Structures are given as C-alpha cells and as structure tokens.
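Reader: I am new to protein models and would like to learn how to read one. Could you take me through it feature by feature?

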Amino acid sequence: MSQKRTVLLAGLSEEVKHGLEDLLAGCELVATSLSLETLMDLPDVEPMLVLTGDPADAKDLAEVAQALRMRFQETAIFYACGQREGYNRKLQVKNGFTDAFLLPMDLSSLRTAVEEALSGAGVGKSFRSVKLVDIQPDTVLAFDTYVHLPANNKHIRYSAAGDSLDADRLERLKAGKGCSVKVSTDQIQDFYRYTATQLRALGCSEGLGATERRERMQSAVRDLLTGIFKDNAQESGFAQGGVWVKDCQEIVKLYVADGKKDDWYNRLLTLTSEKSDGYSHSANVASFAALFSMGLGIGNPEELAMAGFLHDIGMVDVPAELQAKDEETLSEEEAKVVHKHVESGLEIIRARKLTVPEKVLKAISQHHERFCGTGYPKGLAGNRIAPEAQILALADAFDSLTSLQPGRAPLGPREAIQLLCEKASQDATKVVVDPELLKKALTLLNAA
Ligand SMILES: [Fe+2]
Ligand SMILES: [Fe+2]
C-alpha cells in the first residue's frame, strides 16, 4: 500500500516532534502554527493524522478542537499538551479531539496512539468489551487493547501486544466509565488464554496471603460469571442465549488444558457429544462447576470440570421425551427410568476404562442427592453428601436456569441463584443445595 501518509502538525512543539521523530519518519509532514486564524487558512491537505499542540491563545482550545473536527471528520486528531494547568482529557475529547495527552508523562501512550493511527489498524475490525480479570500493573498482555472514543466513534489502541498497562493507565481505565477495554475479535483467543492463566496463577500463587488470594479469586470469578463481557452481561445478552457461557467454556478449557499432555477435556468433549445430545449441558455444567469451585474455594476446579462433563453421560439410555420432561411431571415408572442415569453413567465410565479420580466418581454418583434428603439414588442428606457433589448440583441447576429452555426466558446469573435460594426457603422437601452454600454463591456474585 503506497498511500502517502500525510501528518498535519498544528502548533506542535519541537520537543514533542522530537519524541515522535522515528514514528513520523517517512511521513509527509505539514507544519502550521495553531490559532483560530490559521485554521481558516489551513493548507489543502488530507492528513492521515493531525497532531496539535497548544494554540497560541489557550482560550481558543475548544474552538480549535471543534474547527479541526469539522474539517477532518474521519481523521485521528491528537492534542499533545505540555501544561498540566487546565488539562482535562475528557473535556478535550468531548470537544472533538480523538484523544489528549499530557506530556511528558503520556509520551509512551501518545506514541502508541500515533503508531496505531498511522498503521490504519483498528479499521474494519470488530471489538468486544471485556474485563481484564485480576489485572496488575506489571501484567504483560499478549493482545492489543483498545478503547472506544464515542466522540468520533473510533477505536484507538490503548496498549499493544507485549505491553503491560502501567498503574496510571490502569487507573484511567478504571476511572473512565464509558471507557471500557476492548479486544478485537481476532485476538479473543489470546484474551481467553490470558484469563485462564490469571485464574491458574491465582489458584497456586504462594506469594499472596490466604485472604488476599481468596478475594482476588472471588472477584475474578465474579467478573467471569457476571459480565466479563460487559456487552453480554446485560439482560438482552443473556436472553440471546449463552454467548457468555461459551466464553466461560473457552476459558475453563484453557485453564484445564494448561501445560498438560493428557488432553482429557477434548477427549471428553468428543465422548459426551457422541454419547448424548446433551453435550452443551455437560460442557456448561463443566464450566460452571469449575468456576464455582474456584470462587467458593470448594474442591478441585479441574476435577469438577471433569465431573460436569460426565455427570449426565448415563442419560444416553433415557428416551428423549423423558429427558425433556420436568422432574415434577414424571410418573413413578418414568422417574425410575430417569433416575437410572446416575448408575448407568458410572457403568459407562467403568466400561470405557476412563481414568477418573475417586472424588469425581463420588460427585457424579451423588449429583441428584438433595441436601434435605429427598434426592436419589440413596436419599443422602446434609454433610453425608460430598461437597463436590453439591457444587455439581449447584452448577447443574444454575445451567438449567440460565440457559434457553422452551417456554421461559433464561435468567441472569444473580437471578438464578436468587431463585434457588427462594425455592429452598419455600419448600423444605426441595432443598437441593445447602442454603449456606447458596448464600455464599449469592455473595460471590453480588459483592460490589
Ligand atoms: Fe443428572
Ligand atoms: Fe445435569
């Protein structure tokens, strides 16, 4: 592409020009002073980028911004300011600048933005708003991050792959409400990997105190379950059916696969999809069980993912019309057939000679036991049920409430747990999960 890259430098100081010298090399530079009068008289150029310094009269700044924006509607216009006094980035962006930088502090951000504007990257890409779970100032990101500037509806690169966000930039992201981080969809796998790695690191970081680790883990899981992708977290996103669940699945998959030779996740994925059409239910329960395990600090997340995959594998022997029926509406005979899926599931695991840890087998064998003792197959109650089985039962119920089901809209994560709490308090014979555990789950999702 041999497009001539013209950059208009309007009132840019020599110092700033010097700081950008290498990036501007090879561009055609057109320099002018900056005042309202010179703007009337600007040379006839089609710049790819406009870099402005302070206008001759600081009072004119807003008008200068607006005039430049009128003239160059589709162009990135950066304001590089040397005076802290009166500097207000938000205001300047509102006035029409694409972004504003306070120098010398923001020089590296300005350089990234200039590079971005000159490369033309970000054009024609699609983006998703994300939350960077457990981000710390020294965390190196393997993907680009962008921010969206509503003033001119553009995405500007905020950090490049390989960069870490320094404390100041992180603070700015947190402070700017309309300014969430975006990741381009072609780098979403790198983002999933980042999230999985953060969760893993939190799970085994010995450098942190127990309380700090628990809190950071809880906040990461909360982000994941309630809106790591802010655009999906709104009710409409949930109603559209499960994009956020797919995101959770991808992340848990990478979490489990991390550095392992035995790719059991994908083996089980194939096995469960060939064994039953409940494949997405199994994969969803696997993800939720792993995440609840992390967030509530109960059991081993990997084992719970495995249990989630396998818990209903015995359903393959149950006729589809019975599987589709609500538990309450089953006749005694039908219930017997459905209940058998627990035992036949364990038989399939044995017959396939799958290497499955003891705790996973136990969780599967008890996933329909109820805390109040009215479950099956054994009618175990209270703490006679393994904690892992309770997490599995929680994930199982959570999935049926938050996924698309005929005849009702899916609930959001908080509403789902809330409903389970209400049900448990209304009918003492239908307490599936320990009410204390439900309370903890609600706190996990609700905490500010
Ligand atoms: Fe089941
Ligand atoms: Fe299930």
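Author: Let us start with two strands: strand 3 and strand 4 run parallel and are paired over 4 bridges. Strands here are DSSP runs of E of at least two residues, helices are runs of H or I of at least four residues, and both are numbered from the N terminus. Two strands pair if DSSP finds at least two bridges between them. One example is Val50, which stands opposite Ile77 in strand 4.

Reader: Before we go on, what kind of model is this?

Author: This is a predicted model, in which local features need pLDDT of at least 70 and side-chain atom pairs count only at pLDDT 80 or more, while totals for chains, interfaces and linings use all residues. Residues are numbered from 1 along each chain as its sequence is written, chains are lettered from A and ligands numbered from 1 in the order in which they are written, and side-chain values use heavy atoms, leaving out hydrogens and water.

Reader: Thanks! In what order do the strands of the open sheet come?

Author: The order is 2-1-3-4-5, for 5 strands with parallel pairing. Strand 2 (28–32) and strand 5 (99–102) are at the edges with a single partner strand each, so one side of each has no neighbour in the sheet. From one strand to the next, the twist averages 20°. For such angles, axes are lines fitted to C-alpha atoms, for helices over the stretch in contact, and angles run from 0 to 180 degrees between N-to-C directions.

Reader: Which other pairs can I trace?

Author: Strand 1 and strand 3 run parallel, joined by 4 bridges, and there Leu9 stands opposite Leu51. Strand 4 (residues 76–81) also pairs with strand 5 in the parallel sense, over 4 bridges; Cys81 has Leu102 in strand 5 as its bridge partner.

Reader: Which residues of strand 3 are buried on its two faces?

Author: Buried means under 20% relative accessible area, exposed means over 50%, and partly exposed lies in between, with a 1.4 Å probe and protein chains only. In strand 3, Leu49 and Leu51 are buried on one side and Val50 and Thr52 on the other, so to speak a strand covered on both faces. Helix 6 (residues 107–119) lies across strand 1 (6–10), strand 3 (49–52), strand 4 and strand 5, and runs at about 160° to strand 4.

Reader: How many residues of helix 15 are buried?

Author: In helix 15, 9 of the 10 residues are buried, so the rest of the structure largely encloses this helix. Among them are Pro301, Glu302, Leu304 and Phe309. At the start of helix 15, a side-chain oxygen of Asn300 comes to within 2.7 Å of the backbone nitrogen of Glu302.

Reader: And how do I read a metal site?

Author: Look for the donors, which are N, O and S atoms within 2.8 Å of the metal (3.2 Å for Na, K and Ca); water is not among the atoms, so sites may look incomplete. The iron ion (ligand 2) is coordinated by His281 (NE2), His311 (NE2), Asp312 (OD) and Asp396 (OD), at 2.1 to 2.4 Å.

Reader: Why is the arrangement around the iron ion (ligand 2) called irregular?

Author: Four donors count as tetrahedral if all angles lie between 85 and 135 degrees; four count as square planar and six as octahedral if opposite donors are over 155 degrees apart and all others between 65 and 115; anything else is irregular. Around the iron ion (ligand 2), the 4 donor atoms subtend angles of 77 to 169°, which makes the arrangement irregular. His281 lies in helix 14 (residues 279–296) and His311 in the loop between helix 15 (301–310) and helix 16 (320–324), so this pair ties together parts 30 residues apart in sequence. His311 counts as buried because its relative accessibility is 0%.

Reader: Which residues coordinate the iron ion (ligand 1)?

Author: Its donors are Asp312 (OD), His341 (NE2), His367 (NE2) and His368 (NE2), at 2.0 to 2.3 Å. The site of the iron ion (ligand 1) is irregular too, with angles of 86 to 175° among its 4 donor atoms. Asp312 coordinates both iron ions, which are 3.8 Å apart. Asp312 counts as buried, at 11% relative accessibility.

Terms used:
Contact means heavy atoms within 4.5 Å. A polar contact is a pair of N or O atoms within 3.5 Å; within protein, one must be able to donate a hydrogen and the other to accept it, and residues adjacent in sequence count only if both atoms are side-chain atoms.
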